[in-house]
Amino acid sequence: MRQVGPDTYGACVASTKRRYFLVERYIPSISSSSVEKAARRLAETSDGSAHHLITLLVADEETCLSVFEAADAQAVETANQQAHFGLDRIIEIELFRASGRLAGGRPESSELEE
């Protein structure tokens, strides 16, 4: 087994790793119909570099969250700008199912070995 060095790993991540991003929005008094329309715009404006997966509205907290699969945070920001859906923050996340990690985040040590 060969350990992949930092330079090699960095190059590999950019081209093959699935990355997920959470968009946070703090929007007072937004309606669910407005969020639904914005989510549709996100799906329609996708150019392939950022794929909108889901949007959640937490009305009592005046919070709206969206999850994207994308190459980088810039692609996510561009998709939101094109959809005219403002945002407060974009952060990279990991996704989990009941059975374990789906994808995203830092690799496990076994993922660094060939």
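This report walks through the predicted model of one protein chain, from its overall fold to its cavity and a few single residues.

## Ground rules

Residues are counted from 1 along each chain as its sequence is written, and side-chain values rest on heavy atoms, with hydrogens and water left out. Since this is a predicted model, local features need pLDDT of at least 70 and side-chain atom pairs count only at pLDDT 80 or more, while totals for chains, interfaces and linings use all residues.

## The chain as a whole

Let us start with the elements. The protein chain has three helices and six strands, where helices (H or I, at least four residues) and strands (E, at least two) are DSSP runs numbered from the N terminus. Read from the N terminus, their order is α-β-α-β-β-α-β-β-β.

The protein chain has 114 residues, and 29% of them count as buried. Here buried means under 20% relative accessible area, exposed means over 50%, and partly exposed lies in between (1.4 Å probe, protein chains only). About 7400 Å² of the protein chain is exposed, and carbon and sulfur atoms supply 51% of that area. Accessible areas come from the Shrake-Rupley method with a 1.4 Å probe; for residues, only the protein chains shown count as cover.

Contacts, meaning heavy atoms within 4.5 Å, also say something about the fold. Of the contacts in the protein chain with a separation of 6 or more, 64% join residues 24 or more positions apart.

## Where to trust the coordinates

The predictor's confidence in each residue is given as pLDDT, from 0 to 100. For the protein chain the mean is 80, and 73% of the residues reach 70 or more. Among the elements, strand β4 (residues 89–93) has the highest mean pLDDT, 98, and helix α1 (residues 6–16) the lowest, 39. The pLDDT is below 50 over residues 1–15, a stretch that has 13 contacts in the model beyond near neighbours in sequence. It is likewise below 50 over residues 109–114, where 11 such contacts are found. Where pLDDT is low, the predicted coordinates should not be read in detail.

## One cavity

How many cavities of 30 Å³ or more does the structure hold? There is one, and the largest cavity contains about 30 Å³ of space. On a 1 Å grid over the protein atoms alone, a cavity is a set of points where a 1.4 Å probe fits but cannot get out, and lining residues have an atom within 4 Å of a point. Grid points are joined across faces, edges and corners, and a volume is the space filled by probe spheres set on the points.

The lining of the largest cavity is made up of T45, D47, S49, A50, A75, T78, A79 and Q82. Helix α3 (residues 73–82) gives the most to this lining, with four residues. By class, three lining residues are nonpolar, four polar and one charged. In this scheme Ala, Val, Leu, Ile, Met, Phe, Trp, Tyr, Cys and Pro count as nonpolar, Asp, Glu, Lys and Arg as charged, and the others, Gly among them, as polar.

## Two positive phi values

S29 is not a glycine, yet its phi is positive, at about 55 degrees. It sits in the loop between β1 (20–26) and α2 (32–44) and counts as exposed, at 71% relative accessibility. H84, also a residue other than glycine, has a positive phi near 55 degrees. H84 belongs to the loop between α3 and β4 and is exposed, with a relative accessible area of 67%.

## Three partly exposed residues

I30 is found in the loop between β1 and α2, whereas I54 is in strand β2 (residues 50–58), and L56 is in strand β2 as well. The table gives their relative accessible areas and one C-alpha to C-alpha distance for each.

| Residue | Relative accessible area | Partner and C-alpha distance |
|---|---|---|
| I30 | 22% | C64, 9.0 Å |
| I54 | 43% | L42, 9.9 Å |
| L56 | 41% | E24, 9.9 Å |

Which residues do these three touch, leaving aside neighbours within four places in sequence? I30 is in contact with V35 and L57. I54 is in contact with L65, S66 and V67, and L56 with T63, C64 and L65.

Note on methods
1 Å grid on protein atoms, 1.4 Å probe; cavity = no way out; pocket = protein on both sides within 12 Å on 5 of 7 lines; lining within 4 Å.
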